[in-house]
Amino acid sequence: MLLYKIEDFNPNYREAAFNGEDIKGLDIYAGNTDEKIGSIDTALVDETGRFRYFVVDTGFWIFGKKVLVPVALCRVDVDAERIYATGLKSKDQAERLPRYEDGMVVDYDYEEQVRGVYRTLTVEGSAPVEASLPLEASAPVSMPRPVSNQARATGYDRNTYTYEQEPQLYQMNDREHHKFRLYEERLVAEKSRHKAGEVAIGKRVETDTARVSIPTEKERVVIESVTPAKAGAPVNRDTPFKQEKVMRMEVYEETADVKKEAFVREEVNIRKEVETEIVEATETLRREELDVKREGR
């Protein structure tokens with residue numbers, strides 16, 4: 001059965017498995033001590049999505065080496081946000097584990113090397129598994145490798161092996177590895193802005209008939225014939241009869257010149273005002289309470 005990195009198997013693993021939290025990056029400690037041996041690089045799951053191994057980056061503990069630790073050999077301290085590798089108790093044990101490289105294929109033979117380091121066997125004449133040789137990162141583990149006498153002594157077969165056969169390595173204790181969360185509902189008031197209407201403001205031209213009166217002047221010539229006071233008196237004999245020069249008089253008159261001009265009549269200011277209105281809503285909220293049932297003492 002092939003194994004997959006948890007982020008490749010399910011990109012949304014944080015929400016699906018850890019309630020939005022991330023197990024990657026948590027510190028890991030040897031056994032039940034305060035000796036830090038590294039941090040969680042990732043986790044490996046099988047084809048059904050079940051956790052099988054934690055990939056531990058040993059950091060400066062064993063510089064530059066990543067190893068696999070079966071999930072059942074780890075204890076998660078939720079409150080302290082750390083993991084205790086109860087099955088990885090010494091640096092010598094970690095050095096005997098095969099190196100894990102990104103991109104490699106974790107097959108049955110590789111897992112047998114890992115399991116061989118963690119198994120406790122009492123079979124006489126069994127030989128330890130040689131698992132200290134590093135694996136090349138560029139060469140996925142796909143070719144069969146010889147299995148030691150110890151692997152044969154366990155009675156497991158590559159064709160029939162299942163993880164359920166070794167619960168001491170792969171069966172996690174839910175009481176130690178899960179948070180028990182109590183939920184409650186709360187009212188969350190949010191506002192959304194939407195268009196309630198529209199006001200179009202423009203101008204139109206109205207026509208009105210206006211009347212105006214303006215006085216105009218017009219000149220006219222008045223010719224008046226009168227009798228002089230000395231009418232009938234003789235005139236000087238020397239006054240000749242001659243043709244007088246024609247008298248000319250210009251006559252003017254005014255005409256009305258009416259035209260239109262535009263003037264500012266008034267100004268209109270346009271603005272928006274915000275009115276606040278309180279909207280009240282009532283909902284029924286649910287809350288979980290812890291219910292503990294005790295039996296016996």
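K5 is buried, with a relative accessible area of 19%. Here buried means under 20% relative accessible area, exposed means over 50%, and partly exposed lies in between (1.4 Å probe, protein chains only). The model is predicted: local features need pLDDT of at least 70, side-chain atom pairs count only at pLDDT 80 or more, and totals for chains, interfaces and linings use all residues. Residues are numbered from 1 along each chain as its sequence is written, and side-chain values use heavy atoms, with hydrogens and water left out.

The side chain of K5 forms a salt bridge with that of D102, at 3.3 Å from N to O. A salt bridge is a side-chain nitrogen of Lys or Arg within 4 Å of a carboxyl oxygen of Asp or Glu. K5 sits in strand β1 and D102 in the loop between α3 (91–96) and α4, so the pair ties together parts 97 residues apart in sequence. D102 is partly exposed, at 38% relative accessibility. By this rule, 24 salt bridges are counted. E7 and K24 form one of them, at 3.7 Å from N to O. E7 belongs to helix α1 (residues 6–9), K24 to the loop between α2 (13–17) and β2, and the two are 17 residues apart. Both are partly exposed, E7 at 22% and K24 at 28%. R14 and D22 also form a salt bridge, with their closest N and O atoms 3.1 Å apart. A network of salt bridges with shared partners joins E111, E112, R115, R119 and E166.

The protein chain has seven helices and seven strands. Helices (H or I, at least four residues) and strands (E, at least two) are DSSP runs, numbered from the N terminus. Buried residues make up 26% of the 297 residues. Of the contacts with a separation of 6 or more, 64% involve residues 24 or more positions apart. Contact means heavy atoms within 4.5 Å.

The largest nonpolar core holds 44 residues, of which L68 and I83 touch the most other members. Such a core is a set of buried Ala, Val, Leu, Ile, Met, Phe, Trp, Tyr and Cys residues joined through side-chain atoms within 4.5 Å. Two or more residues each come from β2 (27–30), β3 (36–45), β4 (51–57), β5 (66–70), β7 (82–85), α4 (108–118) and α6 (167–170). Beyond its neighbours within four places in sequence, L68 contacts residues including L44, F54, L97, Y110 and V114.

Strand β4 is mostly covered, with six of its seven residues buried. Strands pair if DSSP finds at least two bridges between them. β3 and β4 are antiparallel over six bridges, with S39 opposite D57 in β4. Five residues separate the strands of this hairpin, in which G49 takes a positive phi near 90°. β4 and β5 also run antiparallel, joined by five bridges. F54 stands opposite V69 in β5.

Helix α4 is largely enclosed by the rest of the structure, because 11 of its 11 residues are buried. Among them are the charged-group residues D109, E111, E112 and R115.

A30 lies in strand β2. A30 is buried, at 2% relative accessible area. Its C-alpha is 5.1 Å from that of K89, although 59 residues separate the two in sequence. Outside its neighbours within four places, A30 contacts E35, I37, A85 and L88.
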